[in-house]
Amino acid sequence: MAKYFDVHPQTPQARTIGTVVDSLRTGALIAYPTDSCFALGCRLDNRDGLERIRTIRRLDERHHFTLMCEDFAQLGQFVQLDNNVFRAVKAATPGSYTFILPATKEVPRRLLHPKKKTVGVRIPDHPVTRALLAGLGEPLVSSTLLLPGDDEPMTQGWEIKERLDHVLDAVVDSGDCGTEPTTVVDFSSGEAEIVRYGAGDPSRFE
């Protein structure tokens with residue numbers, strides 16, 4: 001049964017965030033709000049959590065997982081950026097963008113696209129997400145909470161708890177969340193290629 005945490009959307013309670021972070025450190029898989037929509041998340045070294053995300057969303061091995069990073073310095077530990085890409089990504093963060101980039105050796109192989117050796121990264125602009133990342137001190141492996149057969153991600157924490165109570169360890173709720181996933185920009189070739197139009201303004205990458 002998933003624990004339910006109700007947190008303030010702008011000033012999340014430090015004690016509650018600390019409890020969620022502690023659960024992540026001991027292997028929890030959580031649902032949490034972001035600046036685009038709800039996401040599933042677990043620690044980098046949580047193999048079981050990763051497989052649970054794959055099962056919940058019915059993902060194949062070609063799916064790009066996203067490393068949700070606290071800041072640009074952290075993001076830079078996990079992906080390779082040349083000067084032009086560095087400037088483009090930095091100018092668009094924090095925000096509702098996911099960037100697909102060549103991974104560094106810091107990224108576990110199981111998270112990489114099997115052929116391209118790439119991974120998704122993003123820096124969210126949401127107080128609750130940022131508080132979780134600051135407390136954890138490392139990225140969250142994440143995927144949009146879009147269930148098989150659904151047209152849109154769920155927007156209500158109570159609904160997520162109701163539907164996924166048996167497969168999640170915690171639901172973090174800060175009120176209504178959006179239904180539009182991030183704009184995804186593939187920079188793996190060195191040039192911007194928009195592979196999904198979403199919440200972030202795509203015009204800067206067109």
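A crossing of two helices is called right-handed if the near helix is turned clockwise from the far one by less than a right angle, and left-handed if anticlockwise. The exercises below use a predicted model.

**Exercise 1.** Describe how helix 1 passes helix 5, including the handedness of the crossing.

*Solution.*
Step 1. Two packed helices are described by the angle between their axes and the distance between the axes.
Step 2. Helix 1 spans residues 14-25 and helix 5 spans residues 127-136; their axes come within 9 Å and cross at roughly 55°.
Step 3. Angles under 35 degrees count as roughly parallel and those from 65 to 115 as roughly perpendicular. The crossing angle of roughly 55° therefore makes helix 1 oblique to helix 5.
Step 4. By the definition above, the crossing of helix 1 and helix 5 is right-handed.

**Exercise 2.** List the residues with which helix 1 and helix 5 meet, and sort them by character.

*Solution.*
Step 1. Helix 1 contributes Ile17, Val20, Val21, Leu24 and Arg25.
Step 2. From helix 5 come Val128, Ala131, Leu132, Gly135 and Leu136.
Step 3. The residues of this contact divide into 8 nonpolar, 1 polar and 1 charged.
Step 4. Arg counts as charged and Gly as polar, so the charged residue is Arg25 and the polar one is Gly135.

**Exercise 3.** Work out the order of the strands in the sheet and name the strands at its edges.

*Solution.*
Step 1. The sheet is open and has 10 strands, in the order 1-8-2-3-7-4-6-5-9-10, with mixed pairing.
Step 2. At the edges stand strand 1 (3-6) and strand 10 (193-196); each has a single partner strand, so one side of each is left without a neighbour in the sheet.
Step 3. On average, neighbouring strands of this sheet are turned by 30° against each other, direction ignored.
Step 4. For one pairing in detail, take strand 4 (residues 66-68) and strand 6 (residues 118-122), which run parallel and are joined by 3 bridges. Here Thr66 of strand 4 stands opposite Gly120 in strand 6.
Step 5. Helix 2 (residues 47-57) packs on the sheet, where it touches strand 3 (39-43) and strand 7 (140-144). The direction of helix 2 makes about 160° with that of strand 3.

**Exercise 4.** Locate two backbone features, one at Pro94 and one at Arg58.

*Solution.*
Step 1. The peptide bond from Thr93 to Pro94 is cis, with omega near -5°.
Step 2. Pro94 lies in the loop between helix 4 (83-91) and strand 5 (97-102).
Step 3. Arg58, a residue other than glycine, has a positive phi, near 55°.
Step 4. Arg58 belongs to the loop between helix 2 and strand 4.

Conventions:
Residues numbered from 1 in each chain as written. Predicted model: local features only at pLDDT ≥ 70, side-chain atom pairs only at ≥ 80, totals over all residues. Heavy atoms only, no water. Pairing = 2+ DSSP bridges. Helix = DSSP H or I, 4+ residues; strand = E, 2+ residues; numbered from the N terminus. Axes fitted to C-alpha atoms, helices over the stretch in contact; angles between N-to-C directions. Contact = heavy atoms within 4.5 Å. Parallel < 35°, antiparallel > 145°, perpendicular 65-115°, else oblique.
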